[in-house]
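Notebook open, coffee poured. I wanted a quick look at the overall build of this chain and at its cysteines.

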Amino acid sequence: FGMGWGICSVFSRGATAVLPAVGGIQGCGVPSERAAATLEVLEKEQCTLLFADTHTLKALPDPPHDLPLRGGACKIGSGSTFLEDTRKYSGVSLRTVGKKE
């Protein structure tokens, strides 16, 4: 999944990518740290799509009701195939990405 994959898909559609500031997080950090940074950016920038890994998604607190989120993707394992399964956040379905079995 990685940054390159997500960013390329955003730019290929002429969209804007907003990356959370992760200063102070050591290495990959813990999911709660990544979730806090992610939610802050979702709220501040009023993002409409969310790309996250499963651990960060599980740690994300409920967002405010006025968040304009309309979709996104959740990395659930190795691989880069869009799968049939979905995950929910804020009432919105996120496509899962991983290895097709």
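Below are my notes, starting with the fold and ending with the cysteines.

**Fold.** First reminder to myself: this is a predicted model. I went through the secondary structure and got three helices and four strands for the protein chain. Reading along the sequence, I wrote the order down as α-α-β-α-β-β-β. The radius of gyration came out at 13 Å, close to the 13 Å that the globule rule gives for 101 residues, so the chain is as compact as a globular protein of that length. I also looked up the extent of the C-alpha trace, which spans about 35 × 30 × 25 Å along its principal axes.

**Inside and outside.** How much of the chain is buried? I found 32% of the 101 residues in that class. The accessible surface comes to about 6,600 Å², and carbon and sulfur atoms hold 54% of it. For contacts with a separation of 6 or more, I noted that 24% join residues 24 or more positions apart.

**Charges.** I have 11 positive and 10 negative side chains in the protein chain. The centres of these two sets lie 9 Å apart.

**Cysteines.** How many disulfides does the structure hold? Zero. I checked Cys47 to see why: its sulfur is 16 Å from the closest cysteine sulfur, in Cys74, which is too far for a bond. Then I asked whether each of them is buried or exposed. Cys47 counts as buried because its relative accessibility is 11%, under the 20% cut-off. Cys74 is buried too, with a relative accessible area of 0%.

Conventions
Residues numbered from 1 in each chain as written. Predicted model: local features only at pLDDT ≥ 70, side-chain atom pairs only at ≥ 80, totals over all residues. Heavy atoms only, no water. Helix = DSSP H or I, 4+ residues; strand = E, 2+ residues; numbered from the N terminus. Rg over C-alpha atoms; globule rule 2.2 N^0.38 Å. Buried < 20%, exposed > 50% of the residue type's maximum accessible area, 1.4 Å probe, protein only. Contact = heavy atoms within 4.5 Å. Areas by Shrake-Rupley, 256 points an atom, 1.4 Å probe, with all protein chains shown as cover. Lys, Arg positive; Asp, Glu negative; His and termini not counted. Charge placed at Lys NZ, Arg CZ, Asp CG, Glu CD. Disulfide = S-S within 2.5 Å.
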